[in-house]
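Subject: Structure for your files

Hello,

Here is the structure you asked about. My notes follow below it.

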Amino acid sequence: MRALAEFIMRGRVRAVLITMVGIPLISPAALALVSLRRGGSDGLMVLAWALLPVVAGAMSGYMSPLMTGLAASHFAAVFCGALVLRGSRSWGAALVALTAVAAAGILLTAHFSGGLLQNLLQAAEESGGGQAEQLQQIFGSEALATGYLSWISAITAVLALVLGRYWQALLYNPGGFRQEFHRLRMPLPLAAVAMLVWVYSLLTEEYVFWGAVVAFPLAVAGIALVHWLVASKEWGRGPLVALYVMLVVAALPLAGFLCGLALIDSWIDIRGRSANK
């Protein structure tokens, strides 16, 4: 990982090449690294080159409007999250900005592509295998489809930003990312609003994923708190492995628990109380 990060930071051309090849997670993380380290001007240039293959694919008909919008919104969310994190040094602010841009990108994609659900069903029908009927059962409405894709877009964008920040710390501030992530704590008003929206969305099945989108920064804060707790108690990697396995198996139920944990932390400051003992 260090060798790849060093390769990216040796020059703009190398950073551009990594982003243009479109490697999942790696390419947007390269954009995040450049934006975090060198600022908005260099990051914007890398973003423009990263979007060039996407635009070319859309104009040639190789990429559908849906895929074009998803790719563009993903890169834009990572870029905006990196700029906010660089300027504010606040993971809370960066998570809110990144999630908002990711959701806005999905909504714009849905608007200009004629509806995400319709596009997904059409792609499934073309591929055959009865997938269209399954998708119709899973996503019974446009709101469910856009909410789900917004949630996934926010998750993947955060993973790219985390990797970019980890690379930056690895090269220029060893150990800094760990300390920074362990301190992540959402302001109480934002945490309370996010939790209320999350609880309300559970009562309206059509908007359950939109509730997850709004509460996503709070869920990440809960993950950060668990990381801090495991490190402070020296429990090893086992609990963290179990946490991420459970996130894959039962993401939404566990997200609710993490949001509740983060809300309590925003209220009583668990780390601060622990330090004062």
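A nonpolar patch, as used here, joins nonpolar side chains within 5 Å of one another, taken from residues with over 30% relative accessible area and no salt bridge. Please keep in mind that this is a predicted model.

On the surface, Val241, Val245, Met246, Val248 and Val249 make a nonpolar patch of about 500 Å². One of them, Val241, belongs to helix H13, which covers residues 238-249. Val241 counts as exposed because its relative accessibility is 52%, and the cut-off for exposed is over 50%.

Inside, the largest nonpolar core has 54 residues. The members that touch the most others are Trp91, Leu161, Phe181, Leu184, Leu218, Leu243 and Leu258. Helix H12 (residues 208-233) supplies the largest share of this core, with 15 residues. A second core, separate from that one, has 20 residues, among them Met9, Ala29, Leu33 and Leu47.

What is Leu161 in contact with, apart from its neighbours within four places in sequence? The partners are Ala32, Leu36, Val78, Gly81, Ala82, Leu85, Trp91, Ala94 and Leu98.

On cysteines: with a disulfide taken as a pair of cysteine sulfur atoms within 2.5 Å, the count is zero. Cys259 has 1% relative accessibility and therefore counts as buried, the limit being under 20%. Cys80, at 27%, counts as partly exposed, since that value falls between the buried and exposed cut-offs.

Regards

Terms used. Residues are numbered from 1 along each chain as its sequence is written. This is a predicted model: local features need pLDDT of at least 70, side-chain atom pairs count only at pLDDT 80 or more; totals for chains, interfaces and linings use all residues. Side-chain values use heavy atoms; hydrogens and water are left out. Buried means under 20% relative accessible area, exposed over 50%, partly exposed in between (1.4 Å probe, protein chains only). A nonpolar core is a set of buried Ala, Val, Leu, Ile, Met, Phe, Trp, Tyr and Cys residues joined through side-chain atoms within 4.5 Å. Helices (H or I, at least four residues) and strands (E, at least two) are DSSP runs, numbered from the N terminus. Contact means heavy atoms within 4.5 Å. Patches are made of residues with over 30% relative accessible area and no salt bridge: like charges are joined within 9 Å, nonpolar side chains (Val, Leu, Ile, Met, Phe, Trp, Tyr) within 5 Å. Accessible areas come from the Shrake-Rupley method with a 1.4 Å probe; for residues, only the protein chains shown count as cover. A salt bridge is a side-chain nitrogen of Lys or Arg within 4 Å of a carboxyl oxygen of Asp or Glu.
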